[in-house]
Amino acid sequence: MDQTNSSIPAQRQQIIMEYLMEKSSISIREAADLCHVSDATARRDLDDMAVQGLIERTHGGAVVERGTGLEKNHAEKMKIMIPEKTRIAMEAAKMICDGNSIFLDSGTTTFLLAKQLQGFKNLTVVTHNLDVAYRIKLDQTSTLILTGGIRRDGYNVLIGEIAEDLVNQLSVDIVFMGADAINAKYGVFNSSFLELGIKRSCLSSGKQKVLISDHTKFNRKALTKVCNIEEFDTVITDEGIDDESRQILETKIKKLIIVKNEAEGRKE
């Protein structure tokens, strides 16, 4: 029997992944002690994580599988692939018109998109991204709505039922969403179950759904699946994307925009 009533597998698996981020390997006994569960429960958790492609099972434990989308903290994300993310954000801004209502998800690319919004008029911008709320300037005719909720330390986002309840009441013109990991065949993933609820609420609130992400997020999986790739109308990425992912996306979504490395132009 489990030693405690910490019975949510996603919570235990998140704890195990955080341990693996530091140690690279874990035994069944270590996983059981870490999560205060029996060896049998720990073994099932590791088996489930292996099925998801997050880890590689070994005799008596597991190691991190190469390519798993381990979550970086906010400061690290703000330093990675900035030129590519900026060009993706500039392309995404072309989809916005004066008077639109939009939702901006967490993440560096959505923050960079928000920096493109000052020239638009009469926008309604909804977000749970604290960087957007505190650091972005909008035209005086525009309105910014912050969801409220519980701050997730280290990631500058608001999560929880308060945030989800607000977003569930909305219908916005465009949702711009980021991702920790994308597999064109299997879907869009996040590295923490803590943001899963707000991300799914965001998707349900949008008339158009746009995924904005650089190519390094592709061919990866992370702890929790947010949705299938088909739920997005448009995907915007850079030309570092591999051919297989591009070909799959072209069959599954309405529009794929691939931003060139040069500042000018694009290919679709």
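Colleague: Which residues of β14 point one way, and which the other way?
Modeller: This is a predicted model, and it shows two sets of side chains. In a regular strand the side chains alternate between the two faces of the sheet. In β14, Thr234, Ile236 and Asp238 point one way. The other way point Val235 and Thr237.

Colleague: Is strand β14 largely enclosed or open?
Modeller: Buried means under 20% relative accessible area. Five of the five residues of β14 (residues 234-238) are buried. The strand is therefore, with respect to the rest of the structure, largely enclosed.

Colleague: Which residue of β15 stands opposite Val235?
Modeller: Strands of a sheet pair through backbone hydrogen bonds, either parallel or antiparallel. β14 pairs with β12 (residues 206-212) in the parallel sense, over three bridges. There, Leu211 is opposite Val235. β14 also pairs with β15 in the parallel sense, over five bridges, and in β15 the residue opposite Val235 is Leu256.

Colleague: What does Val235 touch, leaving out residues up to four places away in sequence?
Modeller: Two of its contacts are the residues that stand opposite: Leu211 and Leu256. The full list is Leu211, Phe218, Ile229, Leu249, Ile253, Lys255, Leu256 and Ile257.

Colleague: Which element gives the largest share of the largest nonpolar core?
Modeller: In soluble globular proteins, nonpolar side chains tend to be buried together. Here the largest nonpolar core has 31 residues, and Val235, Leu211 and Phe103 are among those with the most contacts inside it. Elements that give two or more residues include β8 (157-159), α8 (161-168), β13 and α10 (243-252). The largest share, four residues, comes from α9.

Colleague: How many residues are in the second, separate core?
Modeller: This core includes Leu112, Ile174, Ile212 and Ile257. Ile257 is also a contact of Val235. The second core has 24 residues.

Colleague: How many of the ten residues of α9 are buried?
Modeller: Helix α9 (residues 196-205) lies across β11 and β13, at about 10° to β13. Its buried residues are Leu196, Ile198, Lys199, Ser201, Cys202, Leu203 and Ser205. The helix is mostly covered, and the number buried is seven.

Colleague: Which strands stand at the edges of the open sheet that has β11 in it?
Modeller: Three strands form this sheet, in the order β10-β11-β13, with antiparallel pairing. An edge strand has a single partner, so one side is left without a neighbour in the sheet. That describes β10 (181-183) and β13 (224-227).

Colleague: Which residue of β11 is the bridge partner of Ala181?
Modeller: β10 and β11 (residues 187-190) run antiparallel, joined by three bridges. Ala181 has its bridge partner in β11. That partner is Phe189.

Colleague: Are α2 and α3 roughly parallel or roughly perpendicular?
Modeller: Helix α2 (residues 28-35) and helix α3 (residues 39-51) pack with their axes 8 Å apart. Ile28, Arg29, Ala31 and Ala32 of α2 make the contact with Asp39, Ala42, Arg43 and Leu46 of α3. The angle is about 105°, and angles of 65 to 115 degrees count as roughly perpendicular. The two helices are therefore roughly perpendicular.

Colleague: Where does pLDDT stay under 50?
Modeller: The chain has a mean pLDDT of 87, and 88% of its residues reach 70 or more. One stretch under 50 has ten contacts beyond four places in sequence; another has 15. These stretches are residues 1-5 and residues 263-268.

How values were computed:
Residues numbered from 1 in each chain as written. Predicted model: local features only at pLDDT ≥ 70, side-chain atom pairs only at ≥ 80, totals over all residues. Heavy atoms only, no water. Pairing = 2+ DSSP bridges. Contact = heavy atoms within 4.5 Å. Axes fitted to C-alpha atoms, helices over the stretch in contact; angles between N-to-C directions. Core = buried A, V, L, I, M, F, W, Y, C linked by side-chain atoms within 4.5 Å. Buried < 20%, exposed > 50% of the residue type's maximum accessible area, 1.4 Å probe, protein only. pLDDT = per-residue confidence, 0-100. Parallel < 35°, antiparallel > 145°, perpendicular 65-115°, else oblique.
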